[in-house]
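Work through the exercises below with the sequence and the coordinates open. Each task is followed by a solution in steps.

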Amino acid sequence: MPMLKILVGTMYGGALDVAEQVKPLFESAGYEVDILEQPTVSDLTDSPTDLALFCVSTTGSGDFPGNFVPFARGLDEQSPALSDLRYGVIALGDSSYGDTFCGAGRQLDDMLQGLGATRLGDRLEVDAMETFMADDAAIPWVEEWIDAQQLKVA
């Protein structure tokens, strides 16, 4: 059974809620799913990861949430080769913050691509000003993402 890791960056639990809500969709598609609330670079490099989904909230002025800072710092400092990593990003933010809207998700996406990882499909950016419950946007996106990338396991 292929492994999907959902790496969560959250301040108040919204991104974790999204991860928990989409987990059954991946399980139904044939994946073993592991939700990582304190992700580390070794979660991607030291054990099999067939697919990764990042659920990341933005704090402050486009910053990573506290629980995700060590992971982002590790990517920056270690510069691991991630050419085998296929991933998706669900970025949570608030458009009232202007240019820093979904800044953490956008920054993470750039970092991953810079390390050779391949993003599958478009990044989902969920605006708290328009969507009260982020999973209302995430669930249909994940369903389409699984179908579009033909991620279902036979």
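**Exercise 1. The lining of the largest pocket**

Task: sort the residues that line the largest pocket by class, and state which elements contribute to the lining.

Solution.
- Step 1. The lining of the largest pocket in this predicted model comprises 11 nonpolar, 10 polar and four charged residues.
- Step 2. The volume of this pocket is about 480 Å³. Its lining counts 25 residues, of which Ser57, Thr58, Leu92, Gly93 and Ala128 are the closest to the centre.
- Step 3. At least two lining residues come from each of H1, S4, S6 and helix H5, the last of these spanning 134-148.

**Exercise 2. The annotated domain**

Task: describe the chain over the stretch that UniProt annotates as a domain.

Solution.
- Step 1. The unreviewed UniProt entry gives residues 4-146 the feature "domain: Flavodoxin-like".
- Step 2. Helix makes up 38% of the chain over residues 4-146, and strand 22%.
- Step 3. The C-alpha atoms at the two ends of this stretch lie 12 Å apart.

**Exercise 3. Salt bridges**

Task: count the salt bridges, then place the partners of glutamate 27 and glutamate 125 in the chain.

Solution.
- Step 1. Side chains of opposite charge can pair when their charged atoms come close. With a cut-off of 4 Å between nitrogen and carboxyl oxygen, the count is five salt bridges.
- Step 2. Glutamate 27 pairs with lysine 23, at 3.9 Å from N to O. Both belong to helix H1 (residues 14-28), and because they are four residues apart, about one helical turn separates them.
- Step 3. Glutamate 27 has 39% relative accessibility and so counts as partly exposed. Lysine 23, at 27%, is also partly exposed.
- Step 4. Glutamate 125 forms a salt bridge with arginine 106, with 2.7 Å between the closest N and O atoms. This pair links distant parts of the chain, since arginine 106 is in helix H4 and glutamate 125 is in strand S6 (residues 124-127), 19 residues apart.
- Step 5. Arginine 106 is partly exposed at 29% relative accessibility, and glutamate 125 is partly exposed at 27%.
- Step 6. Glutamate 125 also bridges to arginine 123, where the closest N and O atoms are 2.9 Å apart. Arginine 123 has a relative accessible area of 26% and is partly exposed.
- Step 7. Through shared partners, salt bridges join Arg106, Asp109, Arg119, Arg123 and Glu125 into one network.

**Exercise 4. Cysteines 55 and 102**

Task: why is there no disulfide between cysteine 102 and cysteine 55?

Solution.
- Step 1. A disulfide is a covalent bond between the sulfur atoms of two cysteines. The number of disulfides found is zero.
- Step 2. Cysteine 55 takes part in no disulfide, and the cysteine sulfur nearest to its own belongs to cysteine 102, 12 Å away.
- Step 3. Seen from cysteine 102, the closest cysteine sulfur is that of cysteine 55; at 12 Å it is too far for a bond, because the cut-off is 2.5 Å.
- Step 4. Cysteine 55 has 0% relative accessibility and counts as buried. Cysteine 102 is buried too, at 1%.

**Exercise 5. Positive phi**

Task: compare the settings of serine 79 and cysteine 102, where phi is positive.

Solution.
- Step 1. Most residues other than glycine have a negative phi.
- Step 2. Serine 79 is not a glycine, yet its phi is positive, about 45°. In cysteine 102 phi is near 55°, again a positive value in a residue other than glycine.
- Step 3. Serine 79 sits in the loop that runs between helix H3 (69-78) and strand S4 (86-93), while cysteine 102 sits in the loop between S4 and helix H4 (103-114).
- Step 4. Serine 79 is partly exposed at 47% relative accessibility, whereas cysteine 102 is buried at 1%.

**Exercise 6. Glutamate 77**

Task: is glutamate 77 buried or exposed, and how far apart are the C-alpha atoms of glutamate 77 and aspartate 43?

Solution.
- Step 1. Glutamate 77 is part of helix H3.
- Step 2. The relative accessible area of glutamate 77 is 61%; the limit for exposed is over 50%, so glutamate 77 is exposed.
- Step 3. Glutamate 77 and aspartate 43 are 34 residues apart along the chain, and 16 Å separates their C-alpha atoms.

Notes:
Residues are numbered from 1 along each chain as its sequence is written. This is a predicted model: local features need pLDDT of at least 70, side-chain atom pairs count only at pLDDT 80 or more; totals for chains, interfaces and linings use all residues. Side-chain values use heavy atoms; hydrogens and water are left out. Buried means under 20% relative accessible area, exposed over 50%, partly exposed in between (1.4 Å probe, protein chains only). A salt bridge is a side-chain nitrogen of Lys or Arg within 4 Å of a carboxyl oxygen of Asp or Glu. UniProt positions are given in the numbering used here, feature names are shortened, and annotations may be inferred rather than shown by experiment. On a 1 Å grid over the protein atoms alone, a cavity is a set of points where a 1.4 Å probe fits but cannot get out, and a pocket is an open set with protein on both sides within 12 Å along at least five of seven lines; lining residues have an atom within 4 Å of a point. Grid points are joined across faces, edges and corners, and a volume is the space filled by probe spheres set on the points. Ala, Val, Leu, Ile, Met, Phe, Trp, Tyr, Cys and Pro count as nonpolar, Asp, Glu, Lys and Arg as charged, and the others, Gly among them, as polar.
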